[in-house]
Amino acid sequence: MSSTYYDVELSDHLARGYDSDTSGVSFRPNGCDSDESDDDEARGSTTQTSPEPLQSSKYCDRAASSSKSSAQNPACSGTLPDFSDDPADDTDEDIANIPLDYGRSEKTKVRGIRIEQRWHKYCRVKAVSPDALSKWNDPTEALRQVTPNDVHRFLNYCLKLKYGQNGRHLKGTKKASALRADWKSFQGYFRRINRMRISSEDSEEINAGIRKLIDKFGLNQQERGKEPVFVQDLTELNETILRTQERRFHFGFERIQMCLFSMLGIFTVNRLSALLSLQFKHLQFSIQKNPEGGPPVLLAEIRSEHTKRLLGSETMYVYATTPSQQARWLTFFSFLYLSSNTFPLPEIIDDPSLIFSPHVFIFGILFWLQAFESPALSSIERLRRLFVQGDCQQMPLHLKPEVEDYYIFCKTEVINGYPVIRWDQPMAEATMSARLKNLGEIHGWLHSMFAHRMRYGGGKMLNNSDAVSEAQQNLIMKHADTRTFLNHYLPRHIDTDMQSVMNGRKSNISLMRAITRMSRWIDTRRPRHLTAEQRASIREHPEYVEAVQLLDEQTEICIHDPTEQMRSRRDKLAREKLNTFGRLERALRQQVRKEFDRKQANIDIERQLSGAAIDDEEAKDVLRTDSMLPEQINLLEKLLTWPTSDSLEAEWQRRNAAVAAISQYCCHLEGGPLRGRRKRPAPSDEPDEENTAMENRTTKIASISPEISKEQSLLEKAGNYIRKAKKPRRCFQCYGDTLLPVHRRTHKYSEYKSTLRHFRDKHLEDRRCHMCSEDLLHEMHLRRHAEDVHRLATERNYYAKEEPGSDIDTD
């Protein structure tokens, strides 16, 4: 359409808006206004003008013609027109009451709230200072009268903050980009309150101050490396996910979920939020007629609803100087970002790898759920017997209506001690990110693994492909302009073989890709945990020693002054001590992992040159397989098979066996995440370490009193401990359950809070105290009984230092 059409329509719209406006003030669109990306605040400011309606000549001609027609027909003036088809103007909405961040991303709103809270805190600090201006008493008024110098000092104040909401220790600002993000959030907060922008002159001064702050605090200005992951990297990662015993889940389905997530992440290059919001109704399955002849093709289509609104390049909108041009660009942005993409994934029969085949995993899940609407479609073997009839091009495979609302990447919760799959709730982004990071470390990657790395690798492949145009790339990745990919996605490790290019030789593409992808830095020997000596060194760190000293001093004060205020301060210092240890532990762990490559390289060089290096990868694989469960071994055997025949039937049988193995493994109970001490032996019917150590001490007793066995002695000792310990580390419910083996009844946890966690997870559904033989009517009664009789307070937060002698083994 021509620009004249947009100009007339926009003018008509504004003219009609002025006629119905009761404020007496009209607004002219500012040619420099724009909408920012999803990660930014709303930027749409308006300029207040005198009440002059914006009318085009066409509108004026139509209005004049209408008045002339009325004047020529005076008889019609007394006739009441028929408005029965017109809706009543009964809305009482005022656009001034609609916040400018309405419809924006929740993350953007969170950052806006955070900068607002910091501004209020800064105003309180300024208000109590000597000779403070009156504007600091009201944060809103201070924001209206803000000066560039005020903003500069506020950002300087934010860089020095150590504690955030609820007294939590902040990790601090280390990157210059983080400081600029705070400045951008402040701009959004200023627009939201004042309904106008900070002037360009003031912004220039503030940006100069930001450059000064970057140098003052030594902030890192280097960009992230953006190391990509490709299909080869993720295939190896999937094998680690299916094989590892260092990470355990509640259901086998969760392990299958992680493999499927990596496949859909690279094949659709979607963001984390978009992948987690996928439901089975977003998947369409059908059997397509092969246009080249042969057997039908199994097709899975994924409709990805984009979750990011109003993002992308605002440059085009800013450069649009007329309202019609701005309207056209806003219409384009709305179409681009609010529309959904459909990704067709036909089954690749000649793909030798089943461990990275999305059809094998998806149909394994579907047949586990018995998700197809047709009851006869109960297995993959039955599906293979279907074909497209007549002149039809496809045969759709519909899912049950109740299954369509299930989330593919759903949440798993532990309710009353039992794991439950919550199909109606998506997995939290933090949960998926933590799992990816943990599994990446188990796989041996140096750099942290997160979902966006799949967009780095997928975007790189799209950019290099001759089959994908620039417009298709922007549509797939939901970018308004290619500059978004260049600035934020293109890896900074150049994979161009410059030496071969300059010499006129053929580039070694496979080598260049290998040295720029994530697996270049893989080493499964890289430590994931600190040793006992390294953890002990943390307790000698000056920061931790200071935290312990402050807690000890406050504990002494509480003995003489046990008021609520003193106890609250003691609890706060106790939490600070634990947080300090955790913070120093994470920093030391990161340092150890970073220094590992240099140290291990020197060790490997010396071993290889001395002839002591041995390649024992096959032996390690055997050991890793021996520690796996039979169900897991069966799953790997089916997924790691290779084609043994060129026939289609043999390949279908191989893929069908893999689908059946996945369906069988989804319902397998793995036992939940590993807890407690690392490398702890699996539970057995043998006594634990403490019971084994007691054997020598009970030998004499047994020889003197033969009627007293070792088990009875252990039970008696554990019972005395539970009755006398102020904070018992044994569970009274397990002790009283005579159906459990002795080593379970006498098990002693390493910390008091571990006993609390065990009791909450396992015994809150019990309605009888096994130790006291007392019936309890409600969970509340059980909690009160546990606290009053057995000193197990399940509703309190114990961070205070335990008193001496509170946990002594007594006979």
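Colleague: Where is Arg 791 found relative to H34?

Modeller: Keep in mind that this is a predicted model. Arg 791 has a phi near 60 degrees, a positive value in a residue other than glycine. With a relative accessible area of 23%, Arg 791 is partly exposed. As for its place, Arg 791 is found in the segment after H34.

Colleague: OK, and which residues of H34 are buried?

Modeller: Helix H34 covers residues 779–788. Met 780, Arg 784 and Asp 788 are exposed on the other side of H34, so scratch those. The buried ones are Leu 782, Arg 783, His 785 and Ala 786.

Colleague: Within what arc do the buried residues of H34 fall, seen down the axis?

Modeller: We're talking about Leu 782, Arg 783, His 785 and Ala 786. Those buried residues line one face of H34, because looking down the axis they fall within an arc of 165 degrees.

Colleague: What do the buried residues of H34 pack against?

Modeller: Two of the partners are helices and two are strands. The helices are H31 (732–736) and H33 (752–762). The strands are E9 (768–769) and E10 (774–775).

Colleague: UniProt has an entry for this stretch; how far apart are the end C-alpha atoms of residues 769–790?

Modeller: The unreviewed UniProt entry lists residues 769–790 as "domain: C2H2-type". Over those residues the chain is 45% helix and 14% strand. The end C-alpha atoms are apart by 10 Å.

Colleague: Switching regions, how are H7 and H8 oriented to each other?

Modeller: Helix H7 (residues 176–194) and helix H8 (residues 200–217) have axes that come within 10 Å and cross at roughly 150 degrees. Angles over 145 degrees count as roughly antiparallel. H7 and H8 are therefore roughly antiparallel.

Colleague: Which residue with a positive phi sits in the loop between H7 and H8, and is it buried or partly exposed?

Modeller: The residue in that loop is Arg 195, and its phi is near 60 degrees. Its relative accessible area is 31%. That makes Arg 195 partly exposed.

Colleague: Last one: which residues of H18 make the contact with H10?

Modeller: The axes of H10 (residues 252–268) and H18 (residues 452–464) come within 8 Å and cross at roughly 40 degrees, so the two helices are oblique to each other. From H10, the contact is made by Phe 261, Ser 262, Gly 265 and Ile 266. From H18, the residues are Met 454, Gly 457 and Gly 458.

Definitions and conventions
Residues are numbered from 1 along each chain as its sequence is written. This is a predicted model: local features need pLDDT of at least 70, side-chain atom pairs count only at pLDDT 80 or more; totals for chains, interfaces and linings use all residues. Side-chain values use heavy atoms; hydrogens and water are left out. Buried means under 20% relative accessible area, exposed over 50%, partly exposed in between (1.4 Å probe, protein chains only). Helices (H or I, at least four residues) and strands (E, at least two) are DSSP runs, numbered from the N terminus. The arc is that of the directions from the helix axis to the C-beta atoms. Contact means heavy atoms within 4.5 Å. UniProt positions are given in the numbering used here, feature names are shortened, and annotations may be inferred rather than shown by experiment. Axes are lines fitted to C-alpha atoms, for helices over the stretch in contact, and angles run from 0 to 180 degrees between N-to-C directions. Angles under 35 degrees count as roughly parallel, over 145 as roughly antiparallel, 65 to 115 as roughly perpendicular and the rest as oblique.
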